[in-house]
Amino acid sequence: MSIGEGELSKDRKTLSWNYKFNCPLANKPVVMRQIETITGPGAKTLEIFSPDPKTGKEYKMMAIELTKKK
């Protein structure tokens, strides 16, 4: 389970989320970031960043490009 809060940019094209959840790998609470960006009509990207369980440094763990079918 995760709990998060988000903020919409002034241009309404980017939604930034911060989540807190209990990581089973790190065996402690960690923070994850998610960025949703509208990239065009009917298209957006979703990127998720999380700390590496061994080093603690943030890395991009997932990126998805979404496109609406016509």
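## A five-stranded antiparallel sheet

In the hairpin formed by β4 and β5, six residues lie between the strands, and Gly56 adopts a positive phi near 85°. The model that shows this turn is a predicted one, and the hairpin offers a convenient point of entry to the rest of the chain. The two strands run antiparallel and are joined by nine bridges. One position along this pairing is Glu47, whose bridge partner in β5 is Ala63.

On its other side in the sheet order, β4 is next to β3. Strand β3 covers residues 28-40 and strand β4 residues 43-51, and the two pair in the antiparallel sense over seven bridges. They too form a hairpin, here with two residues between the strands. Gly42, in that turn, has a positive phi of about 75°. Gly40 stands opposite Ala43 of β4, and elsewhere in the pairing Arg33 has Phe49 of β4 as its bridge partner.

These pairings belong to an open sheet of five strands, arranged in the order β1-β2-β3-β4-β5 with antiparallel pairing. The edges are formed by β1 (2-8) and β5 (58-67), each of which pairs on one side only. From one strand to the next, the twist averages 20°.

The secondary structure as a whole consists of five strands and zero helices, and along the sequence the pattern reads β-β-β-β-β. The radius of gyration is 14 Å, whereas the globule rule gives 11 Å for 70 residues; the value is well over that figure, so the chain is more spread out than a compact globule. Along the principal axes, the C-alpha atoms fill a box of roughly 45 × 20 × 20 Å.

Burial and contacts can be described for the chain in the same way. Of its 70 residues, 20% are buried. The accessible surface amounts to about 5,900 Å², with carbon and sulfur atoms accounting for 55% of it. Among contacts between residues at least 6 apart in sequence, 8% join residues at least 24 apart.

Which residues does Ile48 contact beyond its neighbours within four places in sequence? They are Met32, Arg33, Gln34, Tyr59, Lys60, Met61 and Met62. Ile48 itself lies in strand β4, while Met32, Arg33 and Gln34 fall within the residue range of β3 and the other four within that of β5. Ile48 counts as buried because its relative accessibility is 8%, below the 20% limit for that class. Its C-alpha atom is separated by 15 Å from that of Ile38, which is 10 residues away along the chain.

Thr45 is another residue of strand β4. With a relative accessible area of 18%, Thr45 is also under the 20% limit and is therefore buried. Leaving out residues up to four places away in sequence, Thr45 touches Ile35, Glu36, Thr37, Thr39, Ile64 and Glu65.

The aromatic side chains direct attention to another part of the chain. The count comes to one aromatic pair, made by Trp17 and Tyr19. A pair of aromatic rings is described by the distance of the centres and the angle of the planes. For Trp17 and Tyr19, the centres are 5.8 Å apart and the planes are 15° from each other, and the pair is stacked. The angle satisfies the criterion for stacking because it is under 30 degrees. Is each of the two residues buried or partly exposed? Trp17, at 24% relative accessibility, counts as partly exposed, whereas Tyr19, with a relative accessible area of 17%, is buried.

A final feature of the backbone is found at Arg12, in the loop between β1 and β2 (14-23). Most residues other than glycine have a negative phi. Arg12, although not a glycine, has a positive phi of about 65°. Its relative accessible area is 60%, so Arg12 is classed as exposed.

How values were computed
Residues numbered from 1 in each chain as written. Predicted model: local features only at pLDDT ≥ 70, side-chain atom pairs only at ≥ 80, totals over all residues. Heavy atoms only, no water. Pairing = 2+ DSSP bridges. Axes fitted to C-alpha atoms, helices over the stretch in contact; angles between N-to-C directions. Rg over C-alpha atoms; globule rule 2.2 N^0.38 Å. Buried < 20%, exposed > 50% of the residue type's maximum accessible area, 1.4 Å probe, protein only. Contact = heavy atoms within 4.5 Å. Areas by Shrake-Rupley, 256 points an atom, 1.4 Å probe, with all protein chains shown as cover. Phe/Tyr/Trp six-rings, centres within 6.5 Å; stacked < 30°, edge-to-face > 60°.
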